[in-house]
Amino acid sequence: MDLVGLSLPLLLVFWQWTTTTGAAVTYWTYTGSVGQSKWADYFPDCGGKAQSPVDVATVQTQYDPSLGPLTPLGYRQHGNKPFSLYNNGHTVVVPLPGWMGLGGLPWQFTAVQMHLHWGNGAPEAGGSEHTINGQSSAAETGEEANQAFWNILNYLGRIRHAGETAGQSVSIPAFDVQSLLPSDLGRYYRYNGSLTTPPCFQSVLWTLFTETVKISHTQLMKLETVLYASKEDADRVVMQDNYRTPQPLNDRTILASFPLESVKVYTAGEITAIVIGALCGCVGVAVIIRFIVKTIRSTSSWDVLPSVRPGPVPRTMEPGKELKQDVALNTTTEPGKKEDPVPPSV
Ligand SMILES: *[C@@H]1O[C@H](CO)[C@@H](O)[C@H](O)[C@H]1NC(C)=O
């Protein structure tokens with residue numbers, strides 16, 4: 001189910017039909033005249049009460065012991081067929097094969113795509129969409145490259161310009177997708193939110209892992225400088241700061257899969273990691289993997305999320321209302337600590 005490449009164009013077309021105000025804008029950017037403060041003018045859901053991303057105030061989260069570890073299914077079985085990679089003008093996207101899925105959730109989810117968000121290379125420029133206690137996911141200088149990310153970064157030079165559709169994608173060798181994820185999939189925050197890009201449908205069950213993934217400064221710079229948000233024939237606009245700012249939490253509760261660590265004793269290594277993380281925070285990168293419910297959509301499933309329950313139309317008629325699952329990984333680079341890569345748990 002290579003929905004990813006198709007889903008966004010389909011969503012936009014769908015929206016255009018239903019826009020009655022006359023201004024059928026489907027084009028959007030992060031800043032400027034159709035920037036994020038204007039999204040709600042053209043995509044009403046973007047002005048909703050359950051939008052993403054949000055800031056996670058950790059002391060306000062609620063421990064839910066029933067939240068077990070997430071289990072990637074088939075992420076390591078990439079097969080021999082190449083993956084594709086494309087630049088949609090907002091981010092870089094890797095559609096994922098439909099046999100990849102996620103367990104440990106209320107329903108079974110099928111992997112659809114992976115994409116990234118980043119800053120602009122300047123100190124304290126941020127880059128992650130979700131923030132933890134007001135902090136954008138920190139990224140620092142580091143010498144150690146994260147090998148798994150070369151599977152994507154190595155090929156950015158071939159998709160520098162934005163393409164119309166996934167049809168302009170390049171083939172890249174298939175790789176172990178799980179290697180991009182943090183190792184601890186048991187500690188996370190969970191809440192109901194939305195897509196962080198127009199049309200901002202409020203149908204996403206978010207999982208935010210607390211363990212950060214590290215990439216090197218070199219890798220980060222590559223991500224932040226190689227791509228253009230503009231098409232080949234247009235004036236060049238570097239693709240940077242492609243993240244949405246935190247939205248009001250309103251009356252939502254953020255659950256935690258682990259109890260608040262009031263009594264946890266930190267080791268020296270952890271303290272170092274945390275302090276460094278706080279001091280040197282420059283640019284964050286958030287990796288998002290989006291999943292779309294494929295199989296199980298029983299009545300009871302929708303009962304759990306009544307606000308996103310679509311009417312009795314075939315799924316293909318309303319692609320935007322597919323229930324989605326996003327996973328955000330706080331991706332950081334860390335100063336070259338070689339043998340003890342302690343995740344700065346925030
Ligand atoms: C999400 O919303 C549904 C429906 O309101 C609710 O049952 C569920 O507990 C919420 N999940 C979280 C993590 O808040």
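## Exercises on ring contacts and a small sheet

The structure, which is a predicted model, holds seven aromatic pairs.

**Exercise 1.** Decide which class of aromatic pair the rings of Trp-28 and Tyr-30 form.

*Solution.* A pair of aromatic rings is described by the distance of the centres and the angle of the planes. The ring centres of Trp-28 and Tyr-30 are 5.4 Å apart, and rings pair if their centres lie within 6.5 Å. The planes of Trp-28 and Tyr-30 stand at 75°, and since planes over 60 degrees apart count as edge-to-face, the pair is edge-to-face. Trp-28 and Tyr-30 also belong, with Trp-39, to one aromatic cluster.

**Exercise 2.** Determine whether Trp-28 and Tyr-30 are buried or exposed.

*Solution.* The cut-off for buried is a relative accessible area under 20%. Trp-28 has a value of 2% and is therefore buried; Tyr-30, at 10% relative accessibility, counts as buried as well.

**Exercise 3.** Find the ring over which the charged end of Arg-187 sits.

*Solution.* The ring is that of Phe-258, and the charged end of Arg-187 lies 4.1 Å from its centre.

**Exercise 4.** Work out the strand order and the edges of the open sheet formed by three strands.

*Solution.* The strands follow the order 1-8-9, with mixed pairing. Strand 1 (55-56) and strand 9 (135-136) each pair on one side only, and these two are the edge strands. Strand 8 (residues 131-132) runs antiparallel to strand 9 and is joined to it by two bridges. Within this part of the sheet, Thr-131 stands opposite Ser-136 of strand 9.

Methods
Residues numbered from 1 in each chain as written. Predicted model: local features only at pLDDT ≥ 70, side-chain atom pairs only at ≥ 80, totals over all residues. Heavy atoms only, no water. Phe/Tyr/Trp six-rings, centres within 6.5 Å; stacked < 30°, edge-to-face > 60°. Buried < 20%, exposed > 50% of the residue type's maximum accessible area, 1.4 Å probe, protein only. Lys NZ or Arg CZ within 6 Å of the ring centre and 35° of its normal. Pairing = 2+ DSSP bridges. Helix = DSSP H or I, 4+ residues; strand = E, 2+ residues; numbered from the N terminus.
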